[in-house]
Amino acid sequence: MKIPQHVAIILDGNGRWAKKKGMPRNYGHVQGSKTVERICEDAYRMGIQYLTVYAFSTENWKRPQDEVDALMGLLRNYMKTCLKTAEKNRMRVRVIGDVSGLDPDIRQRILELEEASKDNDGLHFQIAINYGGRDEMVRAMRRMAADQAAGLWNPEDITEERFASYLDTAGIPDPDLLIRTSGELRLSNFLLWQLAYTEFYITDVLWPDFTKAELERAIVQYNNRDRRYGGVKEEA
C-alpha cells in the first residue's frame, strides 16, 4: 500500500463530541488535542512524512469569547506539551498562519518550539493557527509586491513556483490527502492553493474519536484513487 507523503487534516467535531456526552465544548477541545498527539505518532510510524492540522482559523475569532479564551489557554498548554513530544519523537514543528494576531507569550512559545525542533529528522508537523487560505495568499502577495517594488524581480518573472515560495507552506510539498472529520463537506478556507490536486476523505467520525484505524481507512481509499486522471481506479 502506498503511503501518502503529506496528509492534511481539518479537525472538526470537538464541540459536538462534547455535547453528545453532556459536557462543555471546551472539554471536546481538550480531548481533541490528545487525539492530535496520538495521530502524530501513528502517522509517523505508518511512514507519513508531513502532517498538517487545522487548529484555529481566522474565522474562529467569531466564536463566543469564553470559547476563544479557552482555546488560547489550551494552545498555551499544548505548545509546552508539543515541545516535549517533539523532543521525544524527533518531530519537527512549524506553525503556519498569521502569528502576529496572537498574544506575545504564545508567539514566544511558538518561536521556542520551532527553534528547538528545527533540526529534528522525524515527522514534519505543521500546525495552522490563526490561519486562513485567503489571508495567507493576501499576505504572500503583499510580500511579493514589496520585493518587486524593491527591484528583486520583474512582474514577468511571476510563476506558480515563485508565488508558492511566499506562502506559509514554502518548502513543504502539497498535501496528497486531505481528511475532514465530522462529515462536513467544505474546505473552510484551509490550504486553498495547496489542495489543488489533493484527494479528499470525509468521515462522519468526530475528531476526538478519530483513531489509527480511521487513518488507515483514509489511506486505503487514497490508494483506490487514480492519481493520474482523478476518480476511482478501474478494476484490472
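Start by selecting helix 2 (residues 25-46) together with helix 3 (residues 65-89): in this predicted model, the two pack at an angle of about 20°, with their axes 10 Å apart. Angles under 35 degrees count as roughly parallel, so helix 2 and helix 3 fall into the roughly parallel class. Look at how they pass: helix 2 crosses helix 3 in a right-handed sense.

Now show side chains at this contact. On helix 2, pick Arg-25, Asn-26, His-29, Val-30, Ser-33, Val-36, Glu-37 and Glu-41. Facing them on helix 3 are Asp-66, Glu-67, Ala-70, Leu-71, Leu-74, Tyr-78, Thr-81, Thr-85 and Asn-89. Colour the set by residue class and you'll get a mixed palette: six nonpolar, six polar and five charged.

Next stop, a loop. Jump to the stretch between strand 5 (177-180) and strand 6 (199-202) and click on Ser-188. Most residues other than glycine have a negative phi. Ser-188 isn't a glycine, yet its phi is positive, about 55°. Is the residue buried or exposed? Neither, quite: Ser-188 has 28% relative accessibility, so it counts as partly exposed.

Stay in the loop between strand 5 and strand 6 and move along to Leu-191. Here's another non-glycine with a positive phi, this time about 50°. Turn on the surface, though, and Leu-191 should be hard to spot, because at 2% relative accessibility it counts as buried.

To finish, put Ser-188 and Leu-191 on screen together: Ser-188 is partly exposed, whereas Leu-191 is buried.

How values were computed:
Residues are numbered from 1 along each chain as its sequence is written. This is a predicted model: local features need pLDDT of at least 70, side-chain atom pairs count only at pLDDT 80 or more; totals for chains, interfaces and linings use all residues. Side-chain values use heavy atoms; hydrogens and water are left out. Helices (H or I, at least four residues) and strands (E, at least two) are DSSP runs, numbered from the N terminus. Buried means under 20% relative accessible area, exposed over 50%, partly exposed in between (1.4 Å probe, protein chains only). Axes are lines fitted to C-alpha atoms, for helices over the stretch in contact, and angles run from 0 to 180 degrees between N-to-C directions. Angles under 35 degrees count as roughly parallel, over 145 as roughly antiparallel, 65 to 115 as roughly perpendicular and the rest as oblique. A crossing is left-handed if the near helix is turned anticlockwise from the far one by less than a right angle, and right-handed if clockwise. Contact means heavy atoms within 4.5 Å. Ala, Val, Leu, Ile, Met, Phe, Trp, Tyr, Cys and Pro count as nonpolar, Asp, Glu, Lys and Arg as charged, and the others, Gly among them, as polar.
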